[in-house]
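User: Please explain the terms used for this model, and set each value against its definition.

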Amino acid sequence: MKKLLNLFGLGRTPETSTNKETPMENMFCYQCEQAANGGCTKIGVCGKQPDVSALQDLLVYALKGIAFWADKARQSGKKDAEIDRFMLDGLFTTVTNVDFAADEIEKLVRKAAEIKDKAKALAGPIAGDIPEAATWQPAGDQAALVAQGEAHGVKDPSIDPDVHSVQQILIYGMKGYAAYAHHALVIGLESEEVYAYTHKFLAATLDKSLGLMDLVGLAMECGRINLVTMELLDKANTDSFGHPVPTPVQLGTKAGKAILVSGHDLRMLEELLKQTEGKGINIYTHGEMLPAHGYPGLKKYAHLAGNFGGAWQDQAKEFAGFPGAIIFNTNCIQKPAASYKDRLFTWGLVQWPDVPNIDGWDFSPVIEKALECPGFEEAPGKEILVGFGHNAVLGVADKVIDAVKAGDIKHFFLVGGCDGAKSGRNYYTEFAEQAPKDTVILTLACGKYRFNKLDFGDIGGIPRLLDIGQCNDAYSAIQIAVALAGAFECEVNELPLSMILSWYEQKAVAILLTLLHLGIKDIKLGPTLPAFITPNVLNFLVENFNIGPITTAEEDLKQILG
Ligand code: FSO
Ligand code: SF4
C-alpha cells in the first residue's frame with residue numbers, strides 16, 4: 001500500500017488528507033491534476049487568482065443552498081426550468097480553465113442568491129433543520145463576497161477527511177457532467193433525471209447525517225448520471241449533425257483569412273460556420289474541436305478547413321503563429337500571451353478578464369477581426385483520421401470480430417483522457433508507440449494529441465488508431481465495449497481490452513465515476529492520482545476496482561499482455 005501511495009504521489013501533502021488549515025494560504029483549490037503540492041494555495045497553477053477562487057467557492061456554496069430547496073420542492077412534485085438550468089451554468093463555470101473573471105462570477109453569485117429565494121418559495125414551508133447554505137445572503141460588494149467565499153472554502157476541518165474526500169469527488173463529478181449537460185442544452189436537449197439528481201447530490205453534501213458509504217453510493221450514482229448525460233449529448237450531437245464518419249483532417253493550411261475554434265461546443269461551431277460562409281474565411285479546429293470534422297452536418301461546410309495545433313496546454317506558444325481570430329467556446333483557456341490577446345474571444349460561459357466575450361449568437365466581432373488579420377498562405381500538410389464514433393465502429397463490427405477470432409487483433413487499448421503540461425505524460429506517447437502491431441488503440445479527448453499524428457498502420461484495413469472523439473464520447477467507447485462483450489458472450493472486464501487513462505480536470509472525474517459505476521476494473525490512471533483522494537478512499541478503489549497507477553510503458557504493456 002505504501003508503495004502504491006508513493007507511486008500515486010500521495011502522502012506528499014498531509015494537510016490535504018487531514019483538512020488541517022495551513023497558515024499563509026491565499027486560497028485553496030485541489031480540483032485538477034495540476035494542483036501544486038496537493039493544492040494551489042498562493043495562486044492557481046492554472047492562473048486562477050485568489051479572489052476568483054473564493055468567488056467560485058462561494059458560487060458552489062450558493063448552489064448547494066439552491067439544491068437544498070429545489071430537492072425539497074421536487075419531493076412535492078414542483079420544479080422550475082430556470083432553477084434547473086442555472087445549476088448547469090453555475091457548476092460548469094467553476095470547472096478548471098473556464099472562468100477567470102471575478103466580475104462575471106460575482107454576477108453569477110448574485111443571481112444564485114435570487115435563484116435560491118425562488119427555489120425556497122417553490123419548496124414552501126418545510127419541516128426539519130435548514131442548513132446555513134440555504135439561508136445565506138450575499139454581501140454588499142465584491143471584496144465582502146470574496147470574504148464570504150473564503151469562509152466557505154473547500155476545506156472543512158469539521159468533516160471526517162474520508163467523508164470530505166468523497167464529497168469532493170461527488171462535487172467534481174457533477175461539475176464534469178454539468179459541462180456535458182450544458183452542451184446538450186445549447187442544442188435543445190435536457191433531462192429531468194439529470195436535474196433531479198443534481199439537486200439531490202448537492203443537497204447531500206450539506207447533510208451531516210450521511211456516512212462514508214452513503215456518499216460512496218451517491219458518487220457511483222453520479223457516474224450513472226454522467227452516463228445518462230453523455231448519452232443525451234451523443235443524441236443531441238448526432239441528431240443535429242449526423243453520426244461521425246471516418247474523415248481525413250488536414251493539418252496544413254489553406255490560403256485565406258482564418259478563425260480558430262477551441263473547445264467542445266459543436267452547436268457554436270455550426271453557427272460560426274454558417275455566419276462565415278462565402279466570406280473568404282476558413283475555420284480551423286483546435287484541441288477538443290478536432291472530432292467536429294467527422295460529423296456530416298459540419299464537414300459539409302467546405303470552409304471547415306482543418307485542425308491547427310495540439311492540445312490545450314500548448315496554446316500560448318501555438319496561437320502566436322495563428323494569423324486570424326481565435327475563439328474559445330469551452331475550457332481550456334489559459335492566460336493569453338500579448339502575441340495573440342488582441343485577436344482572442346470567448347463565448348458563453350468562458351471568460352478571461354479584458355478578453356471580449358460573445359454572449360449569444362452574433363459572431364460579427366470575431367469575423368471582423370479575422371478579416372483584419374493577414375490569414376494563411378496555402379501550405380498543405382499531413383492528414384489524420386477522425387470520426388470513429390460508436391456508429392462507425394459498430395458498422396464494421398463483423399470485420400473487427402473476425403480479426404479478433406482469426407488472431408489478427410490480439411488486444412484493444414483505450415488510451416484516452418485529458419492532456420496536460422506534466423512531463424510524465426510522455427508515458428502515453430510511449431505506450432501508443434510500443435503497443436504491439438497486432439493491437440488496436442482507441443482514443444478520445446485531448447490526451448490523443450500525445451500520439452495522434454503518428455502513423456500506426458492498419459490490421460486488414462482496420463486502422464490501428466481509432467479516434468472516437470471528445471471526452472464526452474467516452475459514451476461511444478462504452479457502447480463499443482458493450483457491443484464487443486455481447487459478440488464474444490462475455491463481460492466487458494473479460495474482453496481483451498485495457499483502459500489506460502489520463503486525467504486533468506473534472507470531466508475526467510465524471511467519466512471515471514461512470515466506469516466505476518459500470519463495474520470496469522483494472523483501469524490504469526495517470527499521470528498522478530487526484531490530491532482530493534485520501535489514502536483510505538484510494539484503498540477502497542484499489543480493493544474494489546483494482547485501479548492502478550501508470551508505471552512505465554514497458555512495464556505496463558508487459559503486465560497487461562503478460
Ligand atoms: Fe481536454 Fe480541457 Fe476534453 Fe477537458 S480540453 S482537458 S477533460 O477540458 O475536456 O479533454
Ligand atoms: Fe490549482 Fe487546478 Fe484549482 Fe487551478 S483548478 S487552482 S491549477 S487545483
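Analyst: The shell around ligand 1 divides into seven nonpolar, two polar and three charged residues. This is a predicted model, in which local features need pLDDT of at least 70 and side-chain atom pairs count only at pLDDT 80 or more, while totals for chains, interfaces and linings use all residues. Residues are numbered from 1 along each chain as its sequence is written, and side-chain values use heavy atoms, with hydrogens and water left out.

User: What makes a residue of the shell around ligand 1 nonpolar, polar or charged?

Analyst: Ala, Val, Leu, Ile, Met, Phe, Trp, Tyr, Cys and Pro count as nonpolar, Asp, Glu, Lys and Arg as charged, and the others, Gly among them, as polar. The residues around ligand 1 include Trp 312, Cys 332, His 264 and Lys 507; therefore Trp 312 and Cys 332 count as nonpolar, His 264 as polar and Lys 507 as charged. Around ligand 2, the division is eight nonpolar, four polar and one charged.

User: Why is Cys 29 counted among the residues that surround ligand 2?

Analyst: A residue is near a molecule if one of its heavy atoms lies within 4 Å of it. Ligand 2 is surrounded by 13 residues, and Cys 29, Cys 32, Cys 40, Cys 46 and Thr 96 are the closest.

User: How do you know that His 264 makes a polar contact with ligand 1?

Analyst: A polar contact is a pair of N or O atoms within 3.5 Å. A side-chain N or O atom of His 264 is 2.7 Å from an oxygen atom of ligand 1, so the pair qualifies. For Glu 505, a polar side-chain atom lies 2.3 Å from a ligand 1 oxygen, and for Cys 446 a backbone N or O atom lies 3.3 Å from one.

User: What is buried between domain 1 and domain 3?

Analyst: Domain bounds come from an automatic or database assignment, which gives domain 1 (19-238), domain 2 (247-372) and domain 3 (388-561). Buried area is the accessible area (1.4 Å probe) that two parts lose on being put together, summed over both. Domain 1 and domain 3 bury about 3,000 Å², 66% of it on carbon and sulfur atoms. In domain 1, Glu 33, Tyr 180 and Met 220 lose the most area to domain 3.

Definitions and conventions. Chains lettered and ligands numbered in written order. Polar contact = N/O pair within 3.5 Å; in protein donor to acceptor, adjacent residues only side chain to side chain.
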